[in-house]
Every structure is written in C-alpha cells, then in structure tokens.
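Okay, everyone, thanks for coming. I'd like to walk you through one structure this morning, so have a look at the screen and then we'll go through it piece by piece.

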Amino acid sequence: MVTPGPLARHPRDLDLLLAALTTPSPSENTPWRVELPTPSKSIDQLRVAIWAEDPSCPVDHATARALAAVEQTLSRTGAVVRRSAGPVHFGDSTRLFEQLLHATATATVGDEAVSEELAAARALRDDDAGPRAAFLRHRTQTHRTWLRADEDRARLRQTWQQFFTGHDVLLTPAAPTPAIPAGSRSLVVDGTERSFFDQPGWANLTSHVGLPSLVIPVTTTEEGLPIGVQIIGPAYADRVLLALAEEVTPLLRAVASGASS
C-alpha cells in the first residue's frame, strides 16, 4: 500500500528499469530524449533534511528509531544533516493527493456507476465530513473544482522547489509503523488506533507533485516485520536518489551487524 511504484532487490535494478522507461522504443520514431541528472556530489557532501514526525500522521517508536539510525549514519559520513518541520502542510498535501487521485479513478468507471455516485453525493448532508462523504465528493467533483485543485498542486510544486534550493534530499518515515500483516484493515501507533488510511500518508506526499521518492529497508522488528525510510528528491533527481540508496544501504547493514554482534 505504501509502494506506488516498482519493487526491486537493489537500486541498480531500479536504475535499469528507469533507463527502459525513459528510452523511447524504435517504433515510436521520436526525437525526444530524457537525460536525467546523475549525482554531482558524494554522500559526505549532501545537505540532508529529516522530516521525522508530524502530528497529522504520528509514527511509532520503532519507526522513529529506524529513521534516527539513518540520520546518525549519514551524519557520520560528514553529510550536513538537519531536522526539518517539512516544506508543506502534511494534512493539506495528502488531502489534495486524495482529491486528485479519486477524480482520476473515475475514468475507468461505467456510466451507470457514475450516475449512482452522483446521486449518492447529492444526497449527502452538508455537514457530513466522514471518509465516505469525502470520497464521493472527490469522485464527483466538477471540472472547475478539479482545475482549482490543479492550481493548488502547482503552488505545492513551487514550495517543494524552493525547499530543495537549500537541501539535496529529504528523509521521512515510509509509513507510521513497520509493515502490517497482509489483509489488515487497522492501524495502531504505539497503542493508539489511527485511521487505516494513515498507512500510506507519508508516501502520498510526493507523487501528485511529480517528485521522485524511494523507500530503502533499514531494519526489522523482533517479529521480522520490515521498517523502511523514504528518500525524496527534487524533480528529476531519480538517479541521485538511486545512487544515495546504493551508498547508504551497506552502511546501514554494517550498523545493524554491529548492533546485533
């Protein structure tokens, strides 16, 4: 649920896939080419921001410790690592993501189903702010409403762009908790039940504004459930993120090995 992209065993696998995705096939007979930037800095020269927590989507202690371990590992390399409150308002950004996502999803729905959703949306009370009401309103929003949301997206992109003039990458939790069991429809953060839809909250910060992000494994719980950390970069920094993931992953393994020995 927190992986809106390909899964791979190694960053080099993702790099190979990225090359395939950005290379036109001969049958297209097109002149366009995509030359994504390659890393211009070594890991010890990076300016790293850490967005470790947010009241809109709290993380549990195990997840916080995993992110702290990555923070310490990067600091030991000589990278400039600073905590950040985040460049955007978490709740507003993820609500915009949901609005745009649900609007797009209606494209594959038949006319009869759309008519039923329109009728259900008209029947909603004005004060109904529940998840189902939000879902129906997003699914049946007018084109004017969508255009205004798209303008909000453009402003978000500008905010992110400004943030990355002072930072090379941003690290966040990948999810509020370690991986949850397949089929689970509940989410508990340090004993407190949260909305199940908080699970992809951190991952939903970037895709609607066109920013690259990836998740690297950091550690596992005593039960063997994986905990990951998300790395976010400026637009078109896909290869920069892949290079960082390839460099930092063995460093994290070394830390984990030392802690367990």
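Let me start with a small one: where is the place of Asn 29? Asn 29 sits in the loop between α1 (11-21) and β1. Before I go on, please keep in mind that this is a predicted model.

So, why pick Asn 29? Its phi is positive, about 50 degrees, although Asn 29 is not a glycine. Asn 29 is also exposed, with a relative accessible area of 70%. There's another residue like that, Tyr 236, where phi is near 70 degrees, again a positive value in a residue other than glycine. You'll find Tyr 236 in the loop between β7 and α7. Tyr 236 counts as exposed too, at 59% relative accessibility.

Okay, on to the strands. Let's look at β3. How many of the 5 residues of β3 are buried? The answer is 5 of the 5, so β3 is largely enclosed by the rest of the structure. As for its partners, β1 and β3 run parallel and are joined by 3 bridges. If you want one pair to click on, Val 48 has Val 169 in β3 as its bridge partner. Then there's strand β7 (residues 226-232), which pairs with β3 in the antiparallel sense over 4 bridges. A pair to click on there is Pro 173, whose bridge partner in β7 is Val 229.

Now for the greasy part. In soluble globular proteins, nonpolar side chains tend to be buried together. Here, the largest nonpolar core has 28 residues, and the ones that touch the most other members are Val 48, Leu 74, Leu 171, Ile 216 and Ile 231. Which elements give two or more residues to this core? Those are β1, α2, β3, β6 (213-220), β7 and α7 (238-260). It's α7 that gives the most, with 6 residues. And yes, Val 48 is the residue we just met as the bridge partner of Val 169.

Right, charges next. The model comes to 12 salt bridges, and I've picked three to show you. Start with Arg 47 and Asp 168, where the closest N and O atoms are 3.2 Å apart. Arg 47 lies in strand β1 (residues 47-50), while Asp 168 is in the loop between α6 (143-163) and β3 (169-173), so this salt bridge ties together parts that are 121 residues apart in sequence. Is Asp 168 buried or exposed? Asp 168 is buried, at 15% relative accessible area, and the cut-off for that is under 20%. Arg 47, at 28% relative accessibility, counts as partly exposed.

Next pair: Arg 83 and Glu 71, whose side chains meet in a salt bridge at 2.7 Å, N to O. Arg 83 is in strand β2 (residues 80-83) and Glu 71 is in helix α2 (residues 61-77), so here the pair ties together parts that are 12 residues apart in sequence. Glu 71 is buried, with a relative accessible area of 15%, whereas Arg 83 is partly exposed at 49%.

The last pair is Asp 198 with Arg 194, and their closest N and O atoms are 2.9 Å apart. Asp 198 is buried, with 13% relative accessible area, and Arg 194 is partly exposed, with 26%. One more thing on charges: salt bridges that share partners join Lys 41, Arg 47 and Asp 168 into one network. So if you're looking at Arg 47 and Asp 168, put Lys 41 on the screen as well.

Last stop, a pocket. I'm taking the second largest pocket, which holds about 770 Å³ of space. There are 28 residues lining it, and the closest to its centre are Thr 94, Arg 95, Glu 98, His 102 and Phe 197. The elements that give two or more residues to that lining are α3 (90-105) and α5 (131-139). Which element gives the most to the lining? That's α3, with 11 residues. And what's the lining like by class? You get 13 nonpolar, 10 polar and 5 charged residues.

Okay, that's my tour. Let's put the structure back up and take questions.

Terms used:
Residues numbered from 1 in each chain as written. Predicted model: local features only at pLDDT ≥ 70, side-chain atom pairs only at ≥ 80, totals over all residues. Heavy atoms only, no water. Salt bridge = Lys/Arg side-chain N within 4 Å of Asp/Glu carboxyl O. Buried < 20%, exposed > 50% of the residue type's maximum accessible area, 1.4 Å probe, protein only. 1 Å grid on protein atoms, 1.4 Å probe; cavity = no way out; pocket = protein on both sides within 12 Å on 5 of 7 lines; lining within 4 Å. Points joined across faces, edges and corners; volume = space filled by probe spheres on them. Nonpolar A, V, L, I, M, F, W, Y, C, P; charged D, E, K, R; others polar. Pairing = 2+ DSSP bridges. Core = buried A, V, L, I, M, F, W, Y, C linked by side-chain atoms within 4.5 Å.
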